[in-house]
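I opened the model today to look up a few local features. The notes below are in the order in which I went through them.

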Amino acid sequence: MEIFFKLYQTEGCCLCGSSGSLTGEHKIKASALRKIFGSNAMVIGDFDDGGILRTAQGPKSKAFHFSARMCSLCNGSRTQPADQEFDRFHTLVSSLLSEGRDPSEVFNMPQYNLDSEAYLNVFRYFSKILCCQIAEAGGPRPLEACEFAIGKTSRNIIFLHIDVDPIYLTYRDTCGEHGFARHGGLIVLFDSKTHNPTCFQTLLSLGAVRYLFWVRFDALVGAELRTSHHEFWLKCKAAYQEAIKNPLSDEQRYRLGI
């Protein structure tokens with residue numbers, strides 16, 4: 001029985017499930033990339049392990065798109081208010097950081113009180129990106145997060161932490177100021193006793209700013225993943241077992257925001 005999740009079909013929208021008029025969604029917004037890099041050349045890769053770097057043709061490059069698809073309605077009118085609000089939000093957060101202030105002060109601003117639509121739209125943006133990351137990893141659609149992302153519900157289940165990206169700081173200290181952006185893929189936290197997932201987490205960094213965001217769930221939700229979406233659960237379990245066998249260093253955990 002599927003109560004909390006629905007199987008994601010690759011020929012359907014990763015938010016609403018519709019199979020009509022599918023489009024691509026950026027892992028990192030094209031407008032944000034243009035602001036960060038301007039007309040400078042961009043390369044894509046994992047800078048931590050000396051991986052191969054690829055040249056990006058520009059902010060709209062297919063290399064920056066999720067493989068998971070989204071219908072034109074969800075990618076347009078349903079999520080556009082959240083996209084636009086995130087742009088305003090990020091401008092304010094960047095300004096706070098440039099002044100040496102705590103970026104969480106942004107939530108002291110009147111437009112982002114807990115009952116405001118602006119506040120909810122910021123978190124709807126993060127919910128959309130998290131749902132895309134789950135679909136990209138072969139996971140099912142988390143129904144409550146999807147419905148929140150497209151404005152069908154106002155119950156915010158997304159947690160958020162904002163800080164300075166440690167990888168950005170490392171390169172700044174050695175190379176000076178530079179254009180930088182990254183996404184965090186999907187991190188799945190496990191319960192060591194039940195061996196069921198308890199959290200989906202990812203991150204987004206734009207310049208110096210790092211956004212860590214996640215959704216937590218209880219034992220019942222994790223159990224549904226195990227029974228109704230067993231193939232994805234096996235994939236998560238294998239990653240968990242590998243992490244136990246070869247644990248991350250404190251520095252690696254810090255960089256991933258764990």
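**Notebook: salt bridges, a pocket, a patch and two backbone angles**

I began with K27, which is buried, because its relative accessible area is 15% and the cut-off for buried is under 20%. The model is a predicted one, and I kept that in mind throughout.

Entry 1, the partner of K27. I looked up which residue pairs with K27 and found a salt bridge to E136, with the closest N and O atoms 3.2 Å apart. The two residues sit in distant parts of the chain, 109 residues apart. E136 belongs to helix α4 (residues 117-136), while K27 lies in the loop between β2 (22-23) and α1 (30-37). E136 is partly exposed, at a relative accessible area of 26%. This bridge therefore joins a buried lysine to a partly exposed glutamate.

Entry 2, the other salt bridges. How many salt bridges does a search of the whole structure find? I noted 12. As general background, side chains of opposite charge can pair when their charged atoms come close.

I then looked up E117 and found a salt bridge to R124, the closest N and O atoms being 2.9 Å apart. Is R124 buried or exposed? I recorded R124 as buried, since its relative accessible area is 4%. E117 counts as partly exposed, at 46% relative accessibility.

For E105 I recorded a salt bridge to R101, with 2.8 Å between the closest N and O atoms. Here E105 is partly exposed at 27% relative accessibility, and R101 is also partly exposed, at 39%.

I also noted a network of salt bridges that links E25, D83 and K128.

Entry 3, the second largest pocket. I read off a volume of about 640 Å³ for the second largest pocket. Its lining has 21 residues, and those closest to the centre are I187, V188, A239, A243 and I258. I looked up which elements give two or more residues to this lining, and they are β9 (187-190), α8 (230-245) and α9 (250-256). The element that gives the most is α8, with eight residues. I sorted the lining by residue class and got 16 nonpolar, two polar and three charged residues.

Entry 4, a patch on the surface. I found a nonpolar surface patch made of I3, F4 and L220. Together these three residues have about 290 Å² of accessible area. F4 sits in the segment before β1 (5-6). I checked how much of F4 is accessible: its relative accessible area is 31%, so F4 is partly exposed. That value meets the patch criterion, because patch residues need over 30% relative accessible area.

Entry 5, backbone angles. Which residues other than glycine have a positive phi? I noted S21, with phi near 50 degrees, and H195, with phi near 60 degrees. S21 has its place in the loop between β1 and β2. H195 is found in the loop between β9 and β10 (197-206). I also looked up the accessibility of H195, and at 30% relative accessibility H195 counts as partly exposed.

Terms used
Residues are numbered from 1 along each chain as its sequence is written. This is a predicted model: local features need pLDDT of at least 70, side-chain atom pairs count only at pLDDT 80 or more; totals for chains, interfaces and linings use all residues. Side-chain values use heavy atoms; hydrogens and water are left out. On a 1 Å grid over the protein atoms alone, a cavity is a set of points where a 1.4 Å probe fits but cannot get out, and a pocket is an open set with protein on both sides within 12 Å along at least five of seven lines; lining residues have an atom within 4 Å of a point. Grid points are joined across faces, edges and corners, and a volume is the space filled by probe spheres set on the points. Helices (H or I, at least four residues) and strands (E, at least two) are DSSP runs, numbered from the N terminus. Ala, Val, Leu, Ile, Met, Phe, Trp, Tyr, Cys and Pro count as nonpolar, Asp, Glu, Lys and Arg as charged, and the others, Gly among them, as polar. Patches are made of residues with over 30% relative accessible area and no salt bridge: like charges are joined within 9 Å, nonpolar side chains (Val, Leu, Ile, Met, Phe, Trp, Tyr) within 5 Å. Accessible areas come from the Shrake-Rupley method with a 1.4 Å probe; for residues, only the protein chains shown count as cover. A salt bridge is a side-chain nitrogen of Lys or Arg within 4 Å of a carboxyl oxygen of Asp or Glu. Buried means under 20% relative accessible area, exposed over 50%, partly exposed in between (1.4 Å probe, protein chains only).
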